[in-house]
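Please look through the model shown below before reading on. The paragraphs after it lead through its parts in turn.

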Amino acid sequence: MSVSAVAAPQVVPQHDEGEKVATRRHYVMCPPEYFTVEYSINPWMDPDTPVDTELAMSQWQQLRDIYLRLGHTVDVVPAQPGLPDMVFAANSGTVIAGKVLGARFRTDERAPEAEHFRRWFSTNGYRDLVMPSSVNEAEGDFAWTGSLLLAGSGFRTDPGAHPEAQEVLGVPVVSLKLVDPRYYHLDTALFVLNKGEHPRVAYYPEAFSAGSQQVLRRLFPDAVIADAADAECLGLNGVSDGRNVVLPREATGLARSLEKRGYEPVLTDVSELRKSGGGPKCCTMELHAE
C-alpha cells in the first residue's frame, strides 16, 4: 500500500471493474496546536488518559502531507487556545457548490468553534453562508455523495437539521439514524468512496438502526462493508478522492477489501487524535465543488 502522486484532475464514471480515477479535492484543516482531552463528550474521550500534543501535531502534519502529495489543496484555519477539539474541522461546515451551511454544536465545550469557522468562510469569499438554527455538526453528520446528502442523527445532529440542510444547500437529503454511541457521528460509521450519479460508500451496518440499514442496502447495493474490527479503530473515518483512500493504519481488513475493489489504501497513524474519537475524516472538511 503506497501513496502515489495524482496528475491532472479528471472526472470519469466509476465502475466496479477497471482502474479507479482520483479527482483533486479542496480540503480545510486546523492544526492540533492546543489538542488535549480535558472533558468527555463521546465514549472515546477519557480526561485521565495522557495526551501527547506534540505527537498529535506530528500525526496531523503527516495527514496534511499525504493530501498534498496526492495533489490536493489544503487550506489551514488557525487553531484557537481553549478549543482543543478545533482540530476536527469536519464538524464546522458543509460546503457544496459554494453554498455553506455552518455548524451549531450540541455541547458547550465546542460551541465557540462555529464562530471561528464562520469568520474564516466570510473572509475567504464565501458569501452564500447560513448559520443553522438546529444543532448541526456539519460533515460529522453530513456526507455528500455527489447526488444525495446522507444525514446522520441519534447523538449529535438534530433530525431537524436535515430539512434545513436541504433548504440551504439545495440538495436532496436522506436521513440515517445512528444507534451505537461509539459511532456518535455519521463519519465514524460511513464514508463516500466515489461521488457522482452512481456513488459508492463504505459503512459499518451495526452502527445504524434497522430501517437505516435497509435504506443503505437499497441505495448502495455495491457498498464496501466493514467489520467490527475496522469500525472499532475508526476505520470508517476515511477520506477518499475516488482512488486513494486515507485510513487509520489499524484498518487493515478494510484496506484489503478496498484493494480488491481497485482502490489504493493509504494508511496513516492517527492514534493520538483517536483519543478524542477522531481520525482522518474528522480532521478534514471538504469544499465540494459540484
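What follows goes through the sheets, then the aromatic rings, then some single residues.

This is a predicted model, in which local features need pLDDT of at least 70 and side-chain atom pairs count only at pLDDT 80 or more, while totals for chains, interfaces and linings use all residues. Residues are numbered from 1 along each chain as its sequence is written, and side-chain values use heavy atoms, with hydrogens and water left out.

Some terms come first. Helices (H or I, at least four residues) and strands (E, at least two) are DSSP runs, numbered from the N terminus. Two strands are said to pair if DSSP finds at least two bridges between them.

One open sheet is built from six strands, in the order β2-β1-β15-β3-β4-β5, with mixed pairing. At its edges stand β2 and β5 (129-130), each with a single partner strand, so one side of each has no neighbour in the sheet. Strand β1 (residues 26-29) runs parallel to strand β2 (residues 73-76), and four bridges join them. Across this pairing, Tyr-27 stands opposite Val-74 in β2, and Met-29 is opposite Val-76 in β2. β1 also pairs with strand β15 (residues 285-288), here in the antiparallel sense and over two bridges. The bridge partner of Val-28 in β15 is Met-285.

The parallel strands β1 and β2 also belong, with helix α1, to a right-handed β-α-β unit. A crossover is right-handed if, with the strands pointing away from the viewer, the path from the first strand over the helix to the second runs clockwise.

Three strands form another open sheet, in the order β12-β13-β14, and the pairing is again mixed. Its edge strands are β12 (239-240) and β14 (264-268), each of which pairs on one side only. Helix α1 (residues 53-69) packs on this sheet, touching β12, β13 and β14, and its direction makes about 155 degrees with that of β14. Contact here means heavy atoms within 4.5 Å. Axes are lines fitted to C-alpha atoms, for helices over the stretch in contact, and angles run from 0 to 180 degrees between N-to-C directions.

Within the three-stranded sheet, β12 and strand β13 (residues 244-248) run antiparallel and are joined by two bridges. Val-239 has Val-246 as its bridge partner in β13, and Ser-240 stands opposite Val-245 in β13. These two strands form a hairpin with three residues between them, and Gly-242 in the turn has a positive phi of about 100 degrees. On the pairing with β14, β13 runs parallel, with five bridges; Val-245 stands opposite Pro-265 in β14. β13, helix α6 (residues 252-260) and β14 make a right-handed β-α-β unit.

How many of the residues of β13 are buried? Five of its five residues are, so defined: buried means under 20% relative accessible area, exposed over 50%, and partly exposed in between (1.4 Å probe, protein chains only).

Now to the aromatic rings. A pair of aromatic rings is described by the distance of the centres and the angle of the planes. Rings of Phe, Tyr and Trp (its six-membered ring) pair if their centres lie within 6.5 Å; planes under 30 degrees apart count as stacked, over 60 as edge-to-face and the rest as tilted. By this rule there are seven aromatic pairs. In one of them, the rings of Phe-121 and Tyr-126 have centres 5.5 Å apart and planes at 80 degrees, so the pair is edge-to-face. Phe-121 and Tyr-126 are both buried. Tyr-203 and Phe-208 also make an edge-to-face pair, because their ring planes are at 80 degrees, with the centres 6.2 Å apart. Both of these residues, Tyr-203 and Phe-208, are buried. Ring pairs also link Trp-120, Phe-121 and Tyr-126 into a cluster.

Some single residues remain. Most residues other than glycine have a negative phi. Ala-97, in the loop between β3 (93-96) and β4 (99-102), has a positive phi near 55 degrees. Leu-234 has a positive phi of about 60 degrees and lies in the loop between α5 (228-232) and β12. Leu-234 is buried, with a relative accessible area of 1%. Ala-229, in helix α5, counts as exposed at 52% relative accessibility.
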